[in-house]
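Q: Please take a close look at the largest pocket of this model. What lines it, and what surrounds it?

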Amino acid sequence: MKFFGNIFVFIFVSVIYWLFSNNFSFLSIAPNLLFTSAISLAILLNPIVALSFCFFWGLYADIMGVNAFGAYALIYTLICYAVYISKKRFDFDMPIPQIILVFALSVLAFLFHQLLSLI
């Protein structure tokens with residue numbers, strides 16, 4: 001049952017991401033729901049399940065985009081690993097550390113994606 005619940009979450013977030021990126025963009029800007037979902041599940045779930053979610057959402061983002069294939073899969077997997085490492089030192093039950101984490105990781109993900117596009 002847990003397996004089918006995980007598949008449902010994966011498909012649900014993927015469809016919502018597709019809907020937002022195609023229909024609800026404002027000036028070609030849409031929220032990256034895969035990124036926020038990857039960070040949220042990395043905080044909530046155990047590392048193996050969270051890493052698999054992040055990797056496959058990264059592959060989905062690579063399929064939906066036109067950039068280097070595998071870049072988002074690598075970035076989301078590294079983000080999940082960074083969240084797992086930082087969970088040992090920080091308490092993410094409060095909203096302020098979560099906001100700081102998402103902001104810092106989004107800047108790092110952007111910079112890493114630009115570095116990968118140069119290569």
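A: A pocket here is an open set of grid points where a 1.4 Å probe fits, with protein on both sides within 12 Å along at least five of seven lines. Its volume is the space filled by probe spheres set on those points. The model is a predicted one.

Start with the space itself. The largest pocket holds about 520 Å³. Its lining has 22 residues. Those nearest the centre are Y17, N32, N67, Y72 and Y76. Four elements each give two or more residues to this lining: α1 (2-23), α3 (47-64), α4 (71-87) and α5 (95-118). The largest share is from α5, with five residues. By class, the lining has 13 nonpolar and nine polar residues. Charged residues are absent from the lining of this pocket.

Now turn to one residue of α5. H113 sits in that helix. Is H113 buried or exposed? Its relative accessible area is 9%, under the 20% cut-off, so H113 counts as buried. Leaving aside residues up to four places away in sequence, H113 touches N67, A71, Y72 and I75. Among these partners, N67 and Y72 are also two of the residues nearest the centre of the largest pocket.

Next, α1, another contributor to the lining of the largest pocket. Helix α1 packs against α2 (residues 33-44). The angle is about 150°, and the axes lie 9 Å apart. Angles over 145 degrees count as roughly antiparallel, so α1 is roughly antiparallel to α2. On the α1 side, the contact uses V9, V13, I16, Y17 and F20. On the α2 side, it uses L33, L34, S37 and L41. By class, this contact has eight nonpolar residues, one polar residue and no charged ones. Y17 therefore appears twice: in the contact with α2 and among the residues nearest the centre of the largest pocket.

Finally, the second largest pocket. About 150 Å³ of space lies there. Its lining is made of A82, S86, F90, F92, P97, I100, L101, A104, L105 and L108. Both α4 and α5 supply at least two residues each. Here too α5 gives the most, with six residues. The lining of the second largest pocket has nine nonpolar residues, one polar residue and no charged ones.

To tie this together: α5 gives the largest share of the lining of the largest pocket, and α5 also gives the most to the lining of the second largest pocket. Neither lining includes a charged residue.

Notes
Residues are numbered from 1 along each chain as its sequence is written. This is a predicted model: local features need pLDDT of at least 70, side-chain atom pairs count only at pLDDT 80 or more; totals for chains, interfaces and linings use all residues. Side-chain values use heavy atoms; hydrogens and water are left out. On a 1 Å grid over the protein atoms alone, a cavity is a set of points where a 1.4 Å probe fits but cannot get out, and a pocket is an open set with protein on both sides within 12 Å along at least five of seven lines; lining residues have an atom within 4 Å of a point. Ala, Val, Leu, Ile, Met, Phe, Trp, Tyr, Cys and Pro count as nonpolar, Asp, Glu, Lys and Arg as charged, and the others, Gly among them, as polar. Axes are lines fitted to C-alpha atoms, for helices over the stretch in contact, and angles run from 0 to 180 degrees between N-to-C directions. Angles under 35 degrees count as roughly parallel, over 145 as roughly antiparallel, 65 to 115 as roughly perpendicular and the rest as oblique. Contact means heavy atoms within 4.5 Å. Buried means under 20% relative accessible area, exposed over 50%, partly exposed in between (1.4 Å probe, protein chains only).
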